[in-house]
Amino acid sequence: MPDVARPFAASNALEDTGQMPALFVRGRRPAPAPPRSTGPDFDRIQHGKEFVALRKSFRRFVFPMSLLFFTWYMTYVLLAAYAHEFMSRKVFGEVNVGILLGLGQFASTVLITIAYLRFANKRLDPKVERLRASVEAGER
């Protein structure tokens, strides 16, 4: 029976155990030095004041918003699991509280996305452009 978990099974016992003998050991040349990077110095950028401020601004928005959404989501899940009477209360017609709160999950996702886009366009993008300009000026 073919081994479906490993469709390309090893063709001999040495390959199967991972004990393949080293090939071309004699006359081995040292590995060539890695090519020099001609791009930006990412370590310097990452530890620079501008980038640290950019990350701080990003985190000041994202972490509280994520916590808020997670709390809202878990509240909905817990209500759905343990507050059946509350969730099944009719609001109008056949629409109950559970359906409205479920739709609220979608609405809150859209609102958070819109809020992030506004925040990024107003606060993050100008900082990114300044950082990009300073990096490009430093490369020249």
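What pattern does the protein follow when read along the sequence? In this predicted model, the order is α-α-α-α-β-β-α. Counted up, the secondary structure comes to five helices and two strands.

A good place to look next is helix H3, which runs over residues 49-82 and contains 34 residues. From its first C-alpha to its last, H3 reaches 49 Å, close to the 50 Å expected at 1.5 Å a residue. Even so, H3 carries a kink of about 25°, and arginine 59 sits at the centre of that kink. Which residues of H3 are buried? They are Leu54, Ser57 and Phe61.

Two stretches of the chain also carry a label from a database record. The unreviewed UniProt entry gives the annotation "transmembrane region" to residues 61-83 and 95-117. In the model, residues 61-83 are 96% helix and 0% strand, with 32 Å between the end C-alpha atoms. Residues 95-117 are 91% helix and 9% strand, and here the end C-alpha atoms lie 32 Å apart.

Stepping back to the protein as a whole, how much of it is buried? Of its 140 residues, 14% are buried. The protein exposes about 12200 Å², and carbon and sulfur atoms supply 64% of that area. Contacts complete the picture: among those between residues at least 6 apart in sequence, 57% join residues at least 24 apart.

Definitions and conventions:
Residues are numbered from 1 along each chain as its sequence is written. This is a predicted model: local features need pLDDT of at least 70, side-chain atom pairs count only at pLDDT 80 or more; totals for chains, interfaces and linings use all residues. Side-chain values use heavy atoms; hydrogens and water are left out. Helices (H or I, at least four residues) and strands (E, at least two) are DSSP runs, numbered from the N terminus. The expected span of a helix is 1.5 Å times one less than its number of residues. The bend at a residue is the angle between axes fitted to the seven residues ending there and the seven starting there. Buried means under 20% relative accessible area, exposed over 50%, partly exposed in between (1.4 Å probe, protein chains only). Contact means heavy atoms within 4.5 Å. Accessible areas come from the Shrake-Rupley method with a 1.4 Å probe; for residues, only the protein chains shown count as cover. UniProt positions are given in the numbering used here, feature names are shortened, and annotations may be inferred rather than shown by experiment.
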